[in-house]
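This briefing is for a reader new to the structure. Please look at the sequence and the model together, then go through the points by topic.

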Amino acid sequence: MANKHAALVDLLKAVRNTDYFFTTITPLSHQRVNARLGNQWAKNSESSIATNPAYFQHRILRDIFGWSRAFYELDIDPEIFSLMQKAGVLKPYEDGLLSSVRISTFQHEKFGKQFFMHSAYPTAEANAVFFGPDTYRYLHEINSAMCQDSNVKRAVDIGCGAGPGAILTALHHPLADVYAVDINQLALELTSINATVANTKNVIPLYSDLLSGVDGNFDLITANPPYLVDKDQRTYRHGGEDLGSGLSYDIVESAVSRLNLGGSLLLYTGVAINDGVDGFKNKIVEYLQSLSKHQNLLWSYREIDPDVFGEELDNPCYAVTDRIAAVVLKVTTK
C-alpha cells in the first residue's frame, strides 16, 4: 500500500511538472463532450508531434487524465506510463487503456496552480471521489472566508473528498492543524496524496462520520456535502432525506456545538426550491434561532447560483421542485 501511495504521489508530481491543466465540468457536460465524433480516444497526430511536441503531450495528458479517454501506450511519455503502471491505475479498454484516476487543476492567485487527483469519469463506483463545478465554487467561498477568518489554529473539513477544502485552508494557515475527515477510505487516501503534492504538511486525513471521530472544538469548520437524491446512494452524491438536504442539516447540528468562541462554520450545499420555497433555509433559521436563546450566534445565508444540476429535475423525486440552488451558510459564534 505504501508503494502504491508513493507511486501515485510521483505520478501526480510528474503531471504537475508538465503544462497540464484541466477544469472539470458536470458529468452531463462531460458525457456530451466525450460523445462527439472523435472524442472517445485521446487525440493522436503525428503532424502534431512533429510541429509542436510539447502541445501534443499536453493534449494527450489532458485527454487521458482530464477527459478520461482511452489511449495507447505509445501515445504517452514513457516515464509517465511507467508511473501509471507502478501506481496500478491502468485499465484495459478494447485494444487500448484507460486511467482509473483523473486530475483536476485549480488556479489560485496566491498559491498558484493546484492539482487534485480523484476518480476517473464516469464516477459510477460506490466509493467514487468527485471534483467538479461545486468544488470550484466551494474553494472560492473558502478563499473569501479566509480574508475574514485570520486566527485559525484548528480546522476541519467535513466530507473532504479529494481534499481541496482542507488543502486550501492549510495553505492559508500553515501553522494550523487541519483535519480532513470522511467515511470514504479512498477519499482519505487521495487527500493524503494531494496534500503531499501541495506540500501542505498540516493536513491530517482521518476517518470520521461527521465529527464523531475527532475530538475537541475548532476555529473553522468547512463542508461541501453531497446534496442530490441518488438512487444508488453513492457517498459523493447522495445527500439523504428531505430531497438531499438531510446530510447538510446534520452537519450544521454537528458543527455549531463544536465551534470555539469566534469560530465559524462555512457550509456550501445545494437545496431543492419547491414552489418558490427554500425548505432547508427555513429549517436552518428555525434551528439557529432556537440556539440563539442560549448562545450568541451570527449567521448569513446566500444563494450563489439559482440553477445547478437542472437535469436532476427529471428524477420523479423532484416532481414538485422548481430548481436546485447552490447556497452558502456561514455561522459564527460570538
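Arg-69 counts as buried because its relative accessibility is 4%, and the cut-off for buried is under 20%. Its side chain meets that of Asp-63 in a salt bridge, with 3.1 Å from N to O. Asp-63 is likewise buried, at 1% relative accessibility. The model is a predicted one.

**Salt bridges**

- The count of salt bridges comes to 6.
- Side chains of opposite charge can pair when their charged atoms come close.
- Arg-137 pairs with Asp-305, and the closest N and O atoms of this salt bridge are 3.5 Å apart.
- This pair links distant parts of the chain, since Arg-137 belongs to helix α6 and Asp-305 to strand β11 (residues 297–305), 168 residues apart.
- Arg-137 has 22% relative accessibility and so counts as partly exposed.
- Arg-302 and Glu-141 form another salt bridge, in which the closest N and O atoms are 2.5 Å apart.
- Arg-302 lies in strand β11 and Glu-141 in helix α6, so this salt bridge ties together parts that are 161 residues apart in sequence.
- The two partners fall into separate classes of exposure: Arg-302 is partly exposed at 40% relative accessibility, whereas Glu-141 is buried at 14%.
- Asp-134, Arg-137 and Asp-305 are joined into one network by salt bridges that share partners.

**Helix α10 and the negative patch**

- Helix α10 covers residues 246–256, and Glu-253 is found in it.
- Of the 11 residues of α10, 8 are buried, so the helix is mostly covered.
- The buried residues of α10 are Gly-246, Ser-248, Tyr-249, Ile-251, Val-252, Ser-254, Ala-255 and Val-256.
- Glu-253 has a relative accessibility of 36% and therefore counts as partly exposed.
- On the surface, Glu-253 gathers with Asp-209, Glu-241 and Asp-250 in a patch of negative charge.
- In an α-helix there are 3.6 residues a turn, so residues three or four places apart point the same way.

**Ile-284 in helix α11**

- Ile-284 lies in helix α11, which is made up of residues 279–291.
- With 0% relative accessibility, Ile-284 counts as buried.
- Which residues does Ile-284 contact, leaving aside its neighbours within four places in sequence? They are Tyr-249, Val-252 and Leu-329.
- Tyr-249 and Val-252 are both among the buried residues of α10.
- Ile-284 and Ala-325 are 41 residues apart in sequence, and their C-alpha atoms are 16 Å apart in space.

**Thr-123 in a loop**

- Thr-123 has its place in the loop that runs between β4 (112–119) and α6 (133–146).
- Is Thr-123 buried or exposed? It counts as buried because its relative accessibility is 7%.
- Leaving aside neighbours within four places in sequence, the contacts of Thr-123 are Arg-102, Ala-128, Phe-130, Arg-234 and Tyr-236.

**Points to keep in view**

- Helix α6 and strand β11 hold the partners of the salt bridge between Arg-137 and Asp-305, and the pair of Arg-302 and Glu-141 also ties β11 to α6.
- Helix α10 is mostly covered, while Glu-253 within this helix is partly exposed.

Terms used: Residues numbered from 1 in each chain as written. Predicted model: local features only at pLDDT ≥ 70, side-chain atom pairs only at ≥ 80, totals over all residues. Heavy atoms only, no water. Patch = residues over 30% accessible without salt bridge, like charges linked within 9 Å, V, L, I, M, F, W, Y side chains within 5 Å. Areas by Shrake-Rupley, 256 points an atom, 1.4 Å probe, with all protein chains shown as cover. Salt bridge = Lys/Arg side-chain N within 4 Å of Asp/Glu carboxyl O. Lys, Arg positive; Asp, Glu negative; His and termini not counted. Charge placed at Lys NZ, Arg CZ, Asp CG, Glu CD. Helix = DSSP H or I, 4+ residues; strand = E, 2+ residues; numbered from the N terminus. Buried < 20%, exposed > 50% of the residue type's maximum accessible area, 1.4 Å probe, protein only. Contact = heavy atoms within 4.5 Å.
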